[in-house]
Amino acid sequence: MSEDFQPRQLSPVETLRHSMAHLMASAVAELYPGTKFGIGPHIQNGFYYDMEIPGAVTPEDLPHIEEAMRAIAKKNHSFTHKTLTHEEALRWAEESDQPLKAELLADIEGPISFYTHGAFTDMCAGPHVRYTKKLKHFKLTQIAGAYWRGDEQRPMLTRIYGVAFETKEELDAHLLMLEEAKKRDHRRLGKDLELFRLTQEYGPGLVLWLPNGAFMRKQIEDEWRKVHLERGYELLFTPHIAPSTLWDRSGHTGHYRDSMFAPMDIDGEEYLLKPMNCPFHIGVYNNRKRSYRELPMRLCELGNVYRYERSGVLHGLMRVRGFTQDDAHIFCTPETFKQELDACLDIAQLMYKTFGFPEFKVELSCRDPENTSKYLGSDEIWTLSEDTLAEVLDERGIEYTRIEGEAAFYGPKIDIKVVDTIGRSWQLTTIQLDFNLPERFDLSYTGADNQPHRPIMIHRALLGSIERFFGILIEHYAGDFPLWMSPVQARVLPLSEKFKDYGAEVVARLTAEGIRARLDDSDEKLGYKIRRAEVDKIPYAAVVGGREAESGTVGVRKRKDGDMGTMSIEDFIAHLKAEIEAR
Ligand SMILES: [Zn+2]
Ligand SMILES: [Zn+2]
């Protein structure tokens, strides 16, 4: 059944996935009598159902549940519909001992729709496939705990996830992708490659960057700063906390309080940790009167923000409680607005290229044309901005999906997702127009007409959060980072104790040329050292023995490609530099 009981439009594959949730529930009801059912919606690529299952269900039980599902599906039951009055529905919940359903019923009115296949009946608005024989290409993938109705005060239910597709080919491709994704899990690679640390002791969702990860972060940030400074942005640093009164003015205490950490008292005044950088950048803009000659003003900051997330939704670096936004705010005039949007897209595309994401998807979120009253700002400004955003995308030849009704109340936006090596999309960039904060903070500039005007404000983050972006990079490259990003670019492996001095000399030569090299001075055998360098995903290994020491050369091995032969140290350096240069 769905999260709401309103009749809804589902695509054929969504209908299939939703019907799968019923099928799974019927199998669980059969195998685990006494199970109480919560909700079972379709989701991207599949479905889940939240259930209170008597006894413990483990991942080892999933194949049995699958088997039972196939057996039920084969009987080719039809999904039959009936409607009960609210009272009858309540009686059904009571008689079938379904207290979670009874609770859901308390929140809805009127006649209730039910669907039955075989021996299993569920409260549901539909739609479903007609016959269970259609439910063929699926797999149960995961068991997780989920609080009933997302509330930590309520019981923890068992959520079983599955994936389902219309064809076997699609299912197989998806399962292969999941396998791949598992191998690339940034949480495991983060541990293996010593990139970052997340522990209960230091607080869930709060990241300790280990030296290797911290170095890579520096590479990302250096690149980011360079590109921004080249494009006329000005760098800022702003505090992590501000008095509540500032957040009142910005509207955050009104609209965003639930995502903010608890206040602290400082000299009798209430302060809050910042969940966003915007009010600070506005404070920089408002430092003095601005003239149109100073605009566009592009202020940027790698700003640390803190947002409260429920512990259940935290996930490695992908969802954390403290992170660094690669934030910028652009204040411009109506005359320069289009060109600024174009420049935002330009710099976004440049970043995708730099970090190796050739493919991306764009969404333009617009006003709901049926319900314009809930939006702030005049019709003119909305039409102008939506048209301009669309024009800029068209002129750059970027395909996009326009989504009516998805805009925030204060302005339209562009969202960009990059596609990773195994075809997953990750939301990175947001270019958001804001008709609200310039009013709230009374922003103005003096125009050529000597009159005060309100600037147009653009919020813009390209990578979103540096932490999350790093997680995406780890999974995208499966830890095999491009040479320029790698914390250690070359490891020098002496054949034996005797050649450690020469090895150290090679490391010193490489280091002097700006190459990040380390010596493996362990007493292990060469074969072990080579394997170790592979496991540590070090891009290059340089083997040194007697012959190399005599001739001033190194035996070069490239990770995955293997032996590249003997090279002079100079040639090795030139080879590395060329690859670093080429990105
Ligand atoms: Zn249903
Ligand atoms: Zn902002």
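**Group meeting: strands, helices and cysteines in a predicted model**

Let me start with strand 28 and strand 29 (residues 562-568), which run antiparallel and are joined by six bridges. This is a predicted model, so please take what follows as computed from it. One bridge pair to look at is Arg557 with Asp563, the latter in strand 29. The two strands make a hairpin with three residues between them. In that turn, Lys560 has a positive phi of about 75°.

On its other pairing, strand 28 (residues 553-558) meets strand 27 (residues 540-544), again in the antiparallel sense, over four bridges. Here Tyr540 stands opposite Lys558 in strand 28. Strand 27 also pairs with strand 25 (residues 490-494), and that pairing is parallel, over five bridges. If you want a residue to click on, Leu493 has Val543 in strand 27 as its bridge partner.

Put together, this is an open sheet of five strands, in the order 26-25-27-28-29, with mixed pairing. Which strands are at the edges? They are strand 26 (517-519) and strand 29, each of which pairs on one side only. From one strand to the next, the twist averages 25°.

Now the domains. The chain is divided into domain 1 (12-166), domain 2 (191-238 + 274-477) and domain 3 (490-582). Note that domain 2 is given as two segments, 191-238 and 274-477. Between the C-alpha centres of domain 1 and domain 2 there are 39 Å.

There is a second sheet to show. It is open, has three strands in the order 12-14-13, and its pairing is antiparallel. Strand 12 (241-243) and strand 13 (264-266) each have a single partner strand, so one side of each has no neighbour in the sheet. Neighbouring strands here are turned by 40° against each other on average, direction ignored. Strand 13 pairs with strand 14 (residues 269-273) over three bridges, in the antiparallel sense. Within that pair, Met264 stands opposite Tyr271 in strand 14.

On to helices. Two packed helices are described by the angle between their axes and the distance between those axes. For helix 7 (residues 211-230) and helix 11 (residues 337-354), the axes come within 11 Å and cross at roughly 150°. Angles over 145 degrees count as roughly antiparallel, and the two helices are therefore roughly antiparallel to each other. The crossing of helix 7 past helix 11 is right-handed.

A word on one tyrosine. Tyr445 is in strand 22 (residues 445-446), and with a relative accessibility of 5% this residue counts as buried. Tyr445 and Asn286 are 159 residues apart in sequence, yet their C-alpha atoms are 9.7 Å apart in space.

Last, the cysteines. A disulfide is a covalent bond between the sulfur atoms of two cysteines. How many disulfides does the structure hold? Zero. Take Cys366 as a case. Why is there no bond from Cys366 to its closest cysteine? The closest cysteine sulfur is that of Cys344, and at 17 Å from the sulfur of Cys366 it is too far for a bond. The cut-off used is 2.5 Å between the sulfur atoms. Cys366 is also buried, with a relative accessible area of 0%. Cys278 is buried as well, at 4%.

That is what I have. I can bring up any of these residues on the screen.

Note on methods: Residues are numbered from 1 along each chain as its sequence is written. Chains are lettered from A and ligands numbered from 1 in the order in which they are written. This is a predicted model: local features need pLDDT of at least 70, side-chain atom pairs count only at pLDDT 80 or more; totals for chains, interfaces and linings use all residues. Side-chain values use heavy atoms; hydrogens and water are left out. Two strands pair if DSSP finds at least two bridges between them. Axes are lines fitted to C-alpha atoms, for helices over the stretch in contact, and angles run from 0 to 180 degrees between N-to-C directions. Domain bounds come from an automatic or database domain assignment. Buried means under 20% relative accessible area, exposed over 50%, partly exposed in between (1.4 Å probe, protein chains only). Angles under 35 degrees count as roughly parallel, over 145 as roughly antiparallel, 65 to 115 as roughly perpendicular and the rest as oblique. A crossing is left-handed if the near helix is turned anticlockwise from the far one by less than a right angle, and right-handed if clockwise.
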